[in-house]
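Hi everyone, thanks for making time. I'd like to walk you through a structure that may be new to you, so have a look at it while I talk.

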Amino acid sequence: MAETTVGGSELLIVAGEASGDLHAASVARELRLLRPELTLVGIGGDRMQAAGIELLEHAEKLAVMGFLEVIRHVPQHYRLLRELEIRLRSGRVGLLLLLDYPGFNLKVAAAAHRAGVPVLYYITPQVWAWGARRIPRIARLVTRAAVIFRFEEELLRPRGVDVTFVGHPLLDRMAELPTREEARARLGLHDGPVLALFPGSRSQEIARHLDPFVATARELERRHPGLQVVVSAAATVKLDPARCPYAIVTGASADVLRAATAALCKSGTTTLEAAVADCPLVIAYRTSGITYQVARRVVKIPHIGLVNIVAGEELAPEFVQHALVPPLVADALDPLLDETSAERRRMLTGLAAVRGKLGTPGAARRVAAMADEMLG
């Protein structure tokens, strides 16, 4: 476990993408209740800013994925890393809170370690999927870890990481979820089957997913006349209406999932959002050829969708890389749009089991309490 000293009264938060921005904002709001006087600064997005965190850099400049894409952004990342190290050495920072984004955040953790600033890592690197060799580094650099899957705690604790399972933050949204009728009313949708498309929260994902996702929807419209299609978009990306002929909803993924009969989701946290919203889904993902070939060699788990990883089986069909063929994806979605199908009933049962494995609501509150304790 990393040895650290407590310094200043500033909390520095680094979240490199949309999901981290959301969860960091939730922690910040809980921390405000515990320490109203605490200075919060960091790297994140609009949600963190709205929660009262002073942004040093907007996360949209960091949100890249894939080995080639990361390499192209190396100069920008190192500039920002140098600026953060200067801040960590200034004596102002009492605690560094990291969220996900391991390629960059582990370097920030190393800078904090050198500066004697304690590190709380919330949503730790997915060493269970790949990069198990990172575990000793995490144990050395991270003072405490807050993990969102129970199996992460079971993996990391025997290897020297001071780790606590806090539950999945998506569970906090369950109490706020609208009914299907309420969600459809908000979105202007009527009765009948609704297909939701979630092409991604990064520009690279949109570039590779939008066209095949729209083609899949077109095929299902042919099979289901009157099918309503809605596209969920992150606030960090813009969708070209010329490529997307459907209604685009920004920043309301929970409403879209609750309104939908079924969803086509890119791999990632969205698949767990679908489980929490009780929305049957199919998973698709495409990346650059080089990134895919590297990933095939380093990823050690049989599934890419988080909902399937938690389930321990391929609960939701996966279409990866060249398998992302719209007619085949439409075949998998077809029975999920039928409220009476056996495939839909089986998936709903599986999604309920996944929700049961995610812990209990209150993750942000637990992480805030850990931060409060570490600040001294």
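I'll start with the whole protein and then move to one sheet and the helices on it.

First, keep in mind that this is a predicted model. The protein has 376 residues, and 56% of them count as buried. In terms of secondary structure, you're looking at 16 helices and 13 strands. The accessible surface is about 15800 Å², and carbon and sulfur atoms make up 54% of that. Now, contacts: if you take those with a separation of 6 or more, 68% are between residues 24 or more positions apart.

Okay, on to the sheet. It's an open one with 7 strands, paired in parallel, and if you read across it the order goes S3-S2-S1-S4-S5-S6-S7. So which strands stand at the edges? Those are S3, residues 54-58, and S7, residues 163-165; each has a single partner strand, so one side of each has no neighbour in the sheet. On average, neighbouring strands here are turned by 15° against each other, ignoring direction.

Let's zoom in on the S7 end. S7 pairs with S6, residues 144-147, in the parallel sense, over 3 bridges. There you'll find alanine 145 opposite valine 163 of S7.

And what packs on this sheet? Helix H1, residues 18-34, does: it touches S1 (10-15), S2 (39-44), S4 (93-99) and S5 (119-122), and its direction makes about 160° with that of S1. Then there's helix H5, residues 102-115, lying across S1, S4 and S5 and running at about 160° to S4.

That's my tour, thanks for listening.

Technical notes
Residues numbered from 1 in each chain as written. Predicted model: local features only at pLDDT ≥ 70, side-chain atom pairs only at ≥ 80, totals over all residues. Heavy atoms only, no water. Helix = DSSP H or I, 4+ residues; strand = E, 2+ residues; numbered from the N terminus. Buried < 20%, exposed > 50% of the residue type's maximum accessible area, 1.4 Å probe, protein only. Contact = heavy atoms within 4.5 Å. Areas by Shrake-Rupley, 256 points an atom, 1.4 Å probe, with all protein chains shown as cover. Pairing = 2+ DSSP bridges. Axes fitted to C-alpha atoms, helices over the stretch in contact; angles between N-to-C directions.
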